[in-house]
Structure formats: structure tokens, C-alpha cells
Amino acid sequence: MSMWRPPERIRHDAQPGRWPSAAEAARSRLFQPIRVGGQELRQRTWVPAMVPWRATEDGIVTPNVLAWYERFARGRPGALVVEATGIRDVASGPLLRIGEARFVPGLRSLVDTVRRSSGGETRLYIQLIDFLSVRRRPDPRKFFEHYLGITTAHRRALDMQDAAEEAVRARLAELGDGELDRVLAPRELEALRRGARERITDTEQPHIASLPRVLPTLFADAAARAREAGFDGVELHYAHAYTMASFLSATNTRADGYGGSRAERARLPLEVLAAVRRRVGADFVVGARMLADECIEGGSDVADAEFFAMHLAAAGSDFISLSRGGKFDDARQPQIGAAIYPYTGRSGYECMPSYYSDATGPYGRNLGAVFRVRARVRAAGHATPIVAAGGIHNFEQAEAVLATGTADIVGLARQALADPDWFLKVRSGEGAAVRLCKYTNYCEALDQRHREVTCELWDREGLDGAERGGIAVSADGKRRLTAPDWPLGPPGAGGPSEN
């Protein structure tokens with residue numbers, strides 16, 4: 001499934017800029033400490049959550065999960081956020097889970113790995129997520145034979161009030177697209193053409209109606225397990241296409257006090273934050289990842305984000321990390337047998353823009369909105385650290401984010417994937433050795449297919465020689481799973497990463 005592209009198709013190439021000397025880096029804003037809640041980050045660098053598809057099918061930490069986070073930790077960023085981790089013990093493929101006590105031992109081993117590999121320099125947070133059911137796009141024949149519930153509305157539309165159900169199903173299967181538009185309800189058409197998807201507004205379903213009652217406890221329980229496993233804190237996932245972001249969205253029309261106005265849409269996210277804080281205490285970091293702009297028609301915009309961030313800060317969120325877009329609402333139609341992917345429409349592009357872009361380009365595309373959100377938080381009297389990310393790849397960009405008051409911490413996701421040693425190299429005056437991300441979204445294409453995420457800049461390196469025997473490779477045997485070592489890393493940061 002191809003990703004949306006802007007019509008301009010202007011090529012933008014990542015630029016290294018001027019790398020600092022070690023002395024300049026030591027004096028820079030980027031490598032100064034900052035307080036996050038009751039803790040200190042040794043530098044203002046941050047690796048946002050990225051899903052690598054390396055857990056078991058039931059959400060357990062594997063050796064490849066450990067190797068993935070070990071490799072980032074050896075670069076010694078200020079903070080590293082573990083991938084979106086499910087707070088319920090429900091089937092979700094090879095994504096980490098934290099919905100039961102049985103997940104804690106594996107997560108504890110992940111914490112130990114990062115502590116050891118970063119020399120204790122990197123703070124480790126885990127992103128907690130809830131999501132609703134998303135079904136794959138069905139084969140039309142099976143949809144009409146088994147999945148579609150036949151209603152009196154279908155019978156009336158077909159003038160088959162007294163016909164057997166099998167006959168009605170057979171007739172529906174014969175209809176063309178135009179006739180189906182007339183006969184099927186909008187959600188039935190969606191289930192047929194895009195796959196059935198639950199929404200938080202489906203309050204006729206008891207488990208959807210009860211979300212405000214259930215979710216605060218589920219998030220609090222998950223945060224308690226994260227604390228037990230040894231994490232420094234949690235990041236509440238209030239962004240993109242998932243449950244909590246859907247409550248914040250301007251598309252949330254729930255009529256039970258949890259939808260409609262901005263205050264009502266913020267109600268459950270604030271209740272979740274409060275429940276988590278009560279459970280884990282004041283010394284455990286609790287922050288939120290949210291959208292600066294949904295980038296969809298009728299969705300929340302920057303003014304909404306300013307309101308939400310101000311109230312999250314007032315409620316005691318220890319940090320606010322800002323992304324944009326990544327919604328189901330404008331995602332492209334999946335192929336039969338595939339699930340809808342929330343990064344294929346315009347909002348998805350805004351979340352992960354590529355090197356072919358419009359005149360704005362892919363670098364720092366979210367920074368204007370981040371600046372506004374931080375300014376609103378500061379105007380309200382809150383010093384909550386704001387994390388900015390999105391196409392930041394060189395030192396000058398990162399330093400400018402801090403110098404202009406756009407944000408307090410700089411996140412590098414795709415650039416950190418391209419070179420996990422970015423932080424060490426720049427801090428030690430070896431920025432010229434940085435492997436710059438090309439922003440081709442090779443990694444995003446792997447994520448879309450639920451394949452182990454790697455980077456095209458390094459995933460074939462060393463696979464043709466005798467050294468291949470010590471390298472962990474992908475399921476298809478064609479790609480290495482972690483970036484090659486940087487031989488100039490400090491003592492304790494090197495060593496094989498492929499075990």
C-alpha cells in the first residue's frame with residue numbers, strides 16, 4: 001500500500017550542516033542536563049518510541065528486542081522511549097505487552113540491558129498504549145457469505161422481504177459498487193472495503209461505552225508494572241490513531257460527558273493521568289505523547305493542542321512529547337487481507353514525511369506547531385518540558401530548536417535508527433562520522449508490512465563476508481537487525497550488538 005505524497009514532489013536532501021568540536025558540543029544547549037519530573041536527563045536528547053516488530057506473537061521480550069534497545073542505549077541519548085506497549089493482554093501481533101504480571105520479567109531484562117549498555121547515562125521510559133479492534137479488509141465473497149449481518153433494511157432495499165437469508169446474501173454478492181452504496185450502511189461499506197474498525201463513539205457497544213470507567217485502572221496497573229520492572233517512567237500514548245488520541249480528537253462526538261467540547265474530550269486523558277500518578281507516586285516520571293495537529297478534515301488543530309497541553313501540564317504531566325497526524329480517517333484503502341494502516345494518507349505523511357515533499361520539506365515540519373504549544377504552556381505558568389521531533393538530523397537543527405524556545409528536548413527517531421551513535425559522535429566532536437538518514441521511509445515500508453524494522457543504510461552491511469556468522473538477521477535472512485558498531489565508541493559502549 002503506497003503512502004500519500006504531496007503533488008509538488010520536490011526533492012529535499014538531508015544536510016550535515018556544521019558539526020561541533022567536542023568543546024563546542026560540551027557548551028551547547030543540546031548536551032546540557034534538564035529536569036524531567038523528579039529526575040535529571042544528562043542531555044536534552046531523546047529517542048522517541050519506534051515499533052521494531054521483534055516481540056513474540058504474545059508480546060514477550062525476545063533476544064532481538066534486547067539487541068534493538070541495547071544498540072540505541074550504546075549511543076547514550078538522554079532518554080530512550082520503548083515502543084508502544086499494550087496495556088491489555090490481547091492479541092496484537094509481535095508488539096510488546098504489559099497487561100499482566102507475566103510480562104514483567106522480560107521487561108526487567110530490557111531495563112537491565114539499557115542500564116548496562118548506556119553506562120547508566122540514559123533514562124528509560126516505556127510508552128503505554130490502548131487500541132480498539134481493527135479488522136483486515138475481507139474477501140467480498142466471505143464478507144457476504146459470513147460476516148455481514150442481514151437486516152430488514154437490506155431486505156427492503158432489495159425488495160426481498162420474504163426471501164431466505166441465503167438468497168439475500170447471494171443477491172448482495174452480485175451487486176456492483178453503485179448498488180452497494182445504496183443498499184449497505186456506511187459502516188457496512190467500510191467493513192467491506194476497508195475492514196471493520198471500532199471507534200470510541202460506538203457507545204451502543206458496552207465495552208466501548210465503559211472505556212472511561214475501565215481505562216484509568218488499566219493504565220495505572222500497567223504503569224505500576226513498569227515501575228516494578230525498573231523503568232524510570234512511562235509515556236502515555238495520546239497520539240495518532242489510537243484510543244486516547246481518539247478521545248482528544250475533534251471527531252469525538254460522545255454524549256456521555258467524554259466528547260464534544262475540548263474540556264469533555266480532555267476529561268478521560270486527564271483522569272488516566274491522575275490514576276497513573278496516584279498509583280506510581282511523584283518520583284516516577286509520567287508524561288504524554290500527543291498530537292500538535294491531527295492534519296485531517298474536521299480534526300483537532302494546533303489551538304486544540306495548546307488547550308490540551310496546558311491542561312496536561314497543570315495536571316502534573318512531567319513532559320509533553322509532540323507528534324502530528326497518523327490517523328485512520330484519511331488512510332488509503334488496504335488490499336484484501338490486509339489491515340488499514342494509519343500512515344498512508346495525508347495525515348500519515350505529516351507524521352513521517354519523506355525526502356520528496358512540498359516546499360515546506362520534511363525537516364522540522366512540526367516545529368511551528370510545537371512552538372505555539374510550548375508558548376501556551378509557558379504563558380499558563382508551567383515549566384513542563386516539551387519534546388520536539390520530526391526530521392531533525394543535524395546538530396545545528398537540534399541546537400536551533402532549543403535556542404529559539406521551540407522546545408526543551410530534541411527527539412530523533414529515524415535519524416537515531418539510521419545511526420544510533422549520533423549522540424556519541426556529535427558529543428565527542430566526531431559528527432562528520434554520522435550516518436545521515438535519507439528520509440526515504442524504507443523503514444516505514446517495513447513497519448507497514450509488520451516486518452522487522454531496519455535501515456537501508458546499514459541492514460546489508462557485513463552480510464557477504466565471513467563475519468556474517470555473528471550477526472542476527474531478519475526472518476527472511478536478508479537483513480541484519482542492528483546497526484554495525486562504531487569502533488570509536490567510549491569504553492563500555494562497544495562490543496558485539498548482534499547477540
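**Close-up views of aromatic pairs, charges over rings and a helix contact**

**View 1. Trp 19 and Trp 422 are both buried in this predicted model.** The two rings form an edge-to-face pair, because their centres are 6.4 Å apart and their planes stand at 70°, beyond the 60 degrees that this class requires. Distant parts of the chain are linked by this pair, since Trp 19 belongs to the loop between β1 (10-11) and α1 (22-27), whereas Trp 422 lies in helix α18 (residues 422-427), 403 residues apart. Phe 423 joins Trp 19 and Trp 422 in a cluster held together by ring pairs, and the structure as a whole contains 13 aromatic pairs.

**View 2. Tyr 341 and Tyr 343 form an edge-to-face pair.** Their ring centres are 5.3 Å apart and their planes meet at 65°. Tyr 341 is buried, with a relative accessible area of 7%, and Tyr 343 is likewise buried, at 9%.

**View 3. Charged ends of arginines sit over tyrosine rings.** The charged end of Arg 9 is placed over the ring of Tyr 356, 4.6 Å from the ring centre, while that of Arg 267 is placed over the ring of Tyr 258, at 4.1 Å from its centre.

**View 4. Helix α12 (residues 262-280) packs with helix α13 (residues 302-314).** The helices pack at an angle of about 35°, with their axes 10 Å apart, and their crossing is right-handed. Residues of α12 in the contact include Arg 262, Leu 270 and Leu 273, and those of α13 include Asp 304, Phe 307, Phe 308 and His 311. The residues of this contact comprise eight nonpolar, one polar and three charged.

Technical notes. Residues numbered from 1 in each chain as written. Predicted model: local features only at pLDDT ≥ 70, side-chain atom pairs only at ≥ 80, totals over all residues. Heavy atoms only, no water. Axes fitted to C-alpha atoms, helices over the stretch in contact; angles between N-to-C directions. Helix = DSSP H or I, 4+ residues; strand = E, 2+ residues; numbered from the N terminus. Left-handed = near helix turned anticlockwise from the far one by under 90°. Contact = heavy atoms within 4.5 Å. Nonpolar A, V, L, I, M, F, W, Y, C, P; charged D, E, K, R; others polar. Phe/Tyr/Trp six-rings, centres within 6.5 Å; stacked < 30°, edge-to-face > 60°. Buried < 20%, exposed > 50% of the residue type's maximum accessible area, 1.4 Å probe, protein only. Lys NZ or Arg CZ within 6 Å of the ring centre and 35° of its normal.
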